[in-house]
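I set down here what I looked up, entry by entry. The structure comes next, and my notes follow it.

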Amino acid sequence: MQDQGLPRESVDRLLASAASRDASYGDGTVLSSMCTDPHPAALDAHRRFVTANLGDPGLFPGTAELEREVVEMLGDILNLDDPAGYVTTGGNESNVQALRCFRDDAETEDPNVVAPESAHFSFRKAADLLGIELRSAPLDDRYRVDPEAAARLVDDDTVGIVAVAGTTETGQVDPVPALSEIALDRDVRLHVDAAFGGLLLPFLDDPPRFDFSLPGVDTVTVDPHKMGLSTLPAGGLLLRDPDLLDAIAVETPYLTSDTQHTLTGTRTGAGAASAYAAMKSLGRSGYRDVARRCVRNAHHLADRVRDTDAVHLPVEPATNLVPIAHRDPGDLSRRLETRGWITSVSTTPEALRIVVMPHLDRDTLDRFADDLEDLA
Ligand SMILES: *Cc1c(COP(=O)(O)O)cnc(C)c1O
């Protein structure tokens, strides 16, 4: 670090140079991300609340109230009255915290959790941090967990089952109703990771059931910073039973609150304020429009893939995520990059993974499909 501070213009130049190398959602080339440009009101709210510290909520009662209202609204969308929970930094934190609640609320010395093979990598972090054995349940031919196979992995030391509503690699939705039955029957907790699908699926015609309307569901992860159009970081962890959150609370002697159940200590209020602004600005009808447009566009891309010989759909899209199978998806992804397209590759199935977020319109997807046809 240099000794003398730089003038503001020099700092700006350095920042501009870094920013110029970053991707921009607005130019329509990012087909790999579950994030997108936030709602304008969310961006304004972020700026206004960026210095509010929710780790010390007594100093920021206004921001703390916004956070509580975000949790209430998420509960309303996910069919839970009086939800417990808080605004996290994202799906990783929510998933770690859900399993931490399950572990600390259970009696066993040797805890295990049963999760689908398709579960997000954050569950591996959780298992490592928490000393939990992670048991992988196999998938069916549509990349959803096989509930009977999951049930067979449950034993006396199982503290929870995980289901995914909108998997990271294929966007499929696990059979949560069947897993809810199993969880009740075997008396284990059930966590639904709806980081991606939680603010999409409820707004579709004829949505699959995955939320608190199922009596076995104890906790849900839902990320406003994905389909919720908030800025990042804004994740959500919702719990049916407030006592479950108390299982992980620690005492906080020097702060305005007596205990803390969050993973992070000092934490920005910007995410909560931004999620609040996005949800208030859009309402259910706004989210319905966004969700339906993204899913319609995803099906449009899927139709183009169906008409192209060298690629195919390994599974029909269940959300706005379109996996595109090819004999060498890694190579195809690199060649698409030479035409400016940023795609990602999944491993199960081996495929290009295209996430049709709100920043991708139909013209963009048609141009992408033309290049795909050309290069595949
Ligand atoms: C994105 C995602 C996560 C991780 O969320 P972050 O916000 O990146 O921490 C977890 N689970 C699923 C299903 C996801 O799609």
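I take helices (H or I, at least four residues) and strands (E, at least two) as DSSP runs, numbered from the N terminus. I worked from a predicted model, in which local features need pLDDT of at least 70 and side-chain atom pairs count only at pLDDT 80 or more, while totals for chains, interfaces and linings use all residues. Residues are numbered from 1 along each chain as its sequence is written, and side-chain values use heavy atoms, with hydrogens and water left out.

Entry 1, the ligand. I first asked which element gives the largest share of the shell around the ligand. Helix α4 does, with three residues. I count a residue as near the ligand if one of its heavy atoms lies within 4 Å of it. In total 15 residues surround the ligand, and the closest are Asn 92, Asp 193, Asp 223, His 225 and Lys 226.

Next I looked up polar contacts, meaning pairs of N or O atoms within 3.5 Å. A polar side-chain atom of Asp 223 lies 2.7 Å from a ligand oxygen. For Lys 226, a side-chain N or O atom is 3.0 Å from an oxygen atom of the ligand, and for Thr 168 the corresponding distance is 3.5 Å. Taken alone the ligand exposes 380 Å², of which the protein buries 87%; accessible areas come from the Shrake-Rupley method with a 1.4 Å probe.

Entry 2, the sheet. I found an open sheet of seven strands in the order β1-β7-β6-β5-β4-β2-β3, with mixed pairing. Two strands pair if DSSP finds at least two bridges between them. Why does one side of β1 and of β3 lack a neighbour in the sheet? Strands β1 (84–88) and β3 (133–137) stand at the edges, each with a single partner strand, so one side of each is left free. The twist averages 20° from one strand to the next; axes are lines fitted to C-alpha atoms, for helices over the stretch in contact, and angles run from 0 to 180 degrees between N-to-C directions.

I then checked one pair: β2 (residues 112–116) and β4 (residues 158–164) are parallel over three bridges. Asn 112 has Thr 158 as its bridge partner in β4. Helix α4 (residues 91–105) packs on the sheet and touches β1, β2, β4, β5, β6 and β7, where contact means heavy atoms within 4.5 Å. The direction of α4 makes about 180° with that of β5.

Entry 3, the backbone. The peptide bond from Leu 232 to Pro 233 is cis, with omega near 5°, and Pro 233 sits in the loop between β6 and β7.

Methods: A polar contact is a pair of N or O atoms within 3.5 Å; within protein, one must be able to donate a hydrogen and the other to accept it, and residues adjacent in sequence count only if both atoms are side-chain atoms.
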